[in-house]
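Me: Please explain the terms used for this structure, setting each one against the criterion behind it.

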Amino acid sequence: MTSFSDLVAKRFSCRAYKPDPVPRAMVDQILEAARLAPSACNRQPWRFAVATEPGLRRRLVEEGFLPGLGMKWAGEAPVLLVMGMAKSFITHTLAPALSGVDYPLLDLGIAGEHAVLQATELGLGTCWIGWINPKAVRKIVRWPPSVVPQAILAVGWPDQLPRPAIRMSQAEMTKFLD
Ligand SMILES: Cc1cc2nc3c(=O)[nH]c(=O)nc-3n(C[C@H](O)[C@H](O)[C@H](O)COP(=O)(O)O)c2cc1C
């Protein structure tokens, strides 16, 4: 079994996929990892729409993405997991009015990365896609106005080698307090 640190090092944004399908049991395992994520006040604001049908995936890429990034590769991913945010009064309105913290967006980030790391453990490639038109995506996945798409996770069998992560140093990102 891959250790957690290996898993974190192995994950990269995969932008080339083989056409082979992802078994439903694996999709369920990925969703289960997201389901178990923590969230502010345990509101669990995440919603997932799973697109595997080729026509639907094509529509998400052609109509649901914003232009300019050339993300046609995402249409090759056999699974597009659309992540939506369901609003709740406490964490969307009440708590942020006092703290200014965007709790639901934090929650979705955590749940999404749980999903990504579970997929990585299964040998799958993933890529977060945030360059989307939420209204267009919502129409395609038939969510009510109360659920707002925030990101799409492309999931599939990688057709490219992992790249090492380019990151700032720990010293640049961290301040140890004395
Ligand atoms: C919230 C979020 C949104 C992102 N949106 C996009 C996107 O729209 N298109 C894309 O190609 N990559 C997208 N990425 C991937 C980042 O570009 C990538 O994570 C970053 O460059 C670091 O590279 P790595 O993931 O390979 O380590 C996104 C990543 C995150 C976390």
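**Terms and their grounds**

Reply: The lining of the largest pocket comprises 6 nonpolar, 2 polar and 2 charged residues. The model discussed here is predicted.

Me: Which residues line the largest pocket, and what makes a residue part of the lining?

Reply: A lining residue has an atom within 4 Å of a point of the pocket. Val61, Glu62, Phe65, Leu66, Pro67, Gly68, Leu69, Gly70, Met71 and Lys72 line the largest pocket, and the volume of this pocket is about 150 Å³.

Me: Why are 2 of the residues in this lining counted as polar?

Reply: Gly is placed in the polar class by definition. The lining includes Gly68 and Gly70, so these residues count as polar. Glu and Lys are charged under the same definition, and Glu62 and Lys72 are among the lining residues.

Me: How is the packing of helix α2 against helix α5 described?

Reply: Two packed helices are described by the angle between their axes and the distance between the axes. For α2 (residues 24–35) and α5 (residues 103–121), the axes cross at roughly 145 degrees and come within 7 Å. The crossing is right-handed. On the α2 side, Gln29, Ile30, Ala33 and Ala34 make the contact; on the α5 side, Ala111, His114, Ala115, Gln118 and Ala119 do so. By class, the residues of this contact are 6 nonpolar, 3 polar and no charged.

Me: Why are β1 and β3 described as standing at the edges of the sheet?

Reply: The open sheet consists of 4 strands in the order β1-β2-β4-β3, with antiparallel pairing. β1 (46–51) and β3 (125–129) each have a single partner strand, so one side of each lacks a neighbour in the sheet. On average, neighbouring strands are turned by 25 degrees against each other, direction ignored.

Me: How do you know that β2 and β4 are paired?

Reply: Pairing requires at least two bridges. Strand β2 (residues 79–86) and strand β4 (residues 147–156) share 8 bridges in the antiparallel sense, and therefore they qualify as paired. One of the bridge partners in β4 is Pro149, which is matched with Gly84.

Me: Which strands does α2 touch, and which strands does helix α3 lie across?

Reply: α2 packs on the sheet and touches β1, β2 and β4, its direction making about 170 degrees with that of β1. Helix α3 (residues 54–64) lies across β1, β2 and β4 and runs at about 60 degrees to β2.

Me: What does His92 touch beyond residues up to four places away in sequence?

Reply: His92, in helix α4 (residues 89–99), touches Met85, Ala86, Lys87 and Pro104.

Key:
Residues are numbered from 1 along each chain as its sequence is written. This is a predicted model: local features need pLDDT of at least 70, side-chain atom pairs count only at pLDDT 80 or more; totals for chains, interfaces and linings use all residues. Side-chain values use heavy atoms; hydrogens and water are left out. On a 1 Å grid over the protein atoms alone, a cavity is a set of points where a 1.4 Å probe fits but cannot get out, and a pocket is an open set with protein on both sides within 12 Å along at least five of seven lines; lining residues have an atom within 4 Å of a point. Grid points are joined across faces, edges and corners, and a volume is the space filled by probe spheres set on the points. Axes are lines fitted to C-alpha atoms, for helices over the stretch in contact, and angles run from 0 to 180 degrees between N-to-C directions. Helices (H or I, at least four residues) and strands (E, at least two) are DSSP runs, numbered from the N terminus. A crossing is left-handed if the near helix is turned anticlockwise from the far one by less than a right angle, and right-handed if clockwise. Contact means heavy atoms within 4.5 Å.
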